[in-house]
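Colleague: Got a minute to walk me through this one? I'd like to start with a helix and then look at the sheet.

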Amino acid sequence: MTNESQRARLLLARQRISWPAAKAGYEALGRIRSKSVLIDGFYVKVQYNPARIISSGAVTDAQYVRSRPCFLCSANMSPEQEALPIYPGYTMLCNPYPIFPEHFTLPSLRHTEQRIDGTFADFIRMARMLSGFTLFYNGPRSGASAPDHLHFQAVTGLYMPVDNDALLYREKPFAGDSRGTISLLAGYRRAGFVIEAETEESCRTLFGHIYNVLPLPEGDAEPRMNIFCRYDANRWITTVMPRIQHRPRQYYAEGSDHILAAPGAADMGGVFITSLEEDYEKITPDILCDIYGQVAFDDARLRILAQKIK
Ligand SMILES: [Zn+2]
């Protein structure tokens, strides 16, 4: 465990005592219900986590976001919330509404838009510093509940199924350089690119190849995606899942068809969050496949992008 990972764990231990919101949040996490759902031979952990209504029900339209006090700006934080300086330009905070046994937010010290272009190096450097954790990124229109304030998240490593699945089920590499490779994660209902790189430079270059071929929807500031990164056995393992849209049809449906699902990186990584008990009961393999099919790329679309990288 790195020194920074140790400091992060101590921060959480302190905040669970000193900050009532974190104490309550982690106690609530201890009482949540969860079930494993098998789709196509892969498990998804479905979690009923009522506190997460704050995120799945979150309004993220531009007008609302401009009008609310930003919860990632230090000026608006509760006095009990402790900010750990961990990497230049960023700080580490405990998330008081955890999905994971350890759940941190890594916001920029500046109130600046959520973007991966220009910040990917920060993301992977922090992933290396925080070994034992998985870092993830929610694009501004792919699950970020603060699209106006640059942030990453760090969570318990190997808790999301994708952490293991990416390495178990990736195909043979189709592109790369002398220090890294890109392969496809296919047959997984949410297709992705898996970068394995021994050097920071290789990781950045290969991510750049992927970024450059992703479609940019009209009116969006960057291609839609979720990114997962962890550093293990002297290499970065980075999974990029392109997104079609944030919310599935069920989110807007009325009556029994309605599900309050707003998938972000956790859901794409295989920890599917429901904040209403009736939704939790409702989730079946078919519904999960249907939702992933609406918000993620399928294998065929990903292979077309891969052709452009080769
Ligand atoms: Zn802010």
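Modeller: Sure, we'll take helix α7 and then the sheet, bearing in mind that this is a predicted model.

Colleague: How far apart are the end C-alpha atoms of α7?

Modeller: They are 21 Å apart. Helix α7 covers residues 200–213, and at 1.5 Å a residue its 14 residues should span 20 Å, so the two agree.

Colleague: Which residues of α7 are buried?

Modeller: S202, C203, L206, F207 and I210. They cover an arc of only 125° around the axis, so they sit on the same side of α7. G208 and N212, on the other side, are exposed.

Colleague: And what do the buried residues of α7 pack against?

Modeller: Two helices, α5 (120–129) and α12 (299–309), are on the list, along with strands β8, β9, β10 and β12. α7 lies across those four strands, running at about 160° to β10.

Colleague: OK, switching to the sheet. What's the strand order?

Modeller: β3-β4-β5-β7-β6-β11-β12-β10-β9-β8, an open sheet of 10 strands with antiparallel pairing. β3 (84–87) and β8 stand at the edges with a single partner strand each, so one side of each has no neighbour in the sheet. On average, neighbouring strands are turned by 25° against each other, direction ignored.

Colleague: How many bridges between β10 and β12?

Modeller: 5, in the antiparallel sense. F193 stands opposite V240 in β12.

Colleague: Which strands does helix α6 touch?

Modeller: α6 (residues 161–169) packs on the sheet against β6, β9, β10, β11 and β12, and its direction makes about 95° with that of β12.

Methods:
Residues numbered from 1 in each chain as written. Predicted model: local features only at pLDDT ≥ 70, side-chain atom pairs only at ≥ 80, totals over all residues. Expected span 1.5 Å × (residues − 1). Buried ≥ 20, exposed ≤ 12 C-beta atoms within 10 Å, placed from the backbone. Arc of directions from axis to C-beta. Contact = placed C-beta atoms within 7 Å. Pairing = 2+ DSSP bridges. Axes fitted to C-alpha atoms, helices over the stretch in contact; angles between N-to-C directions.
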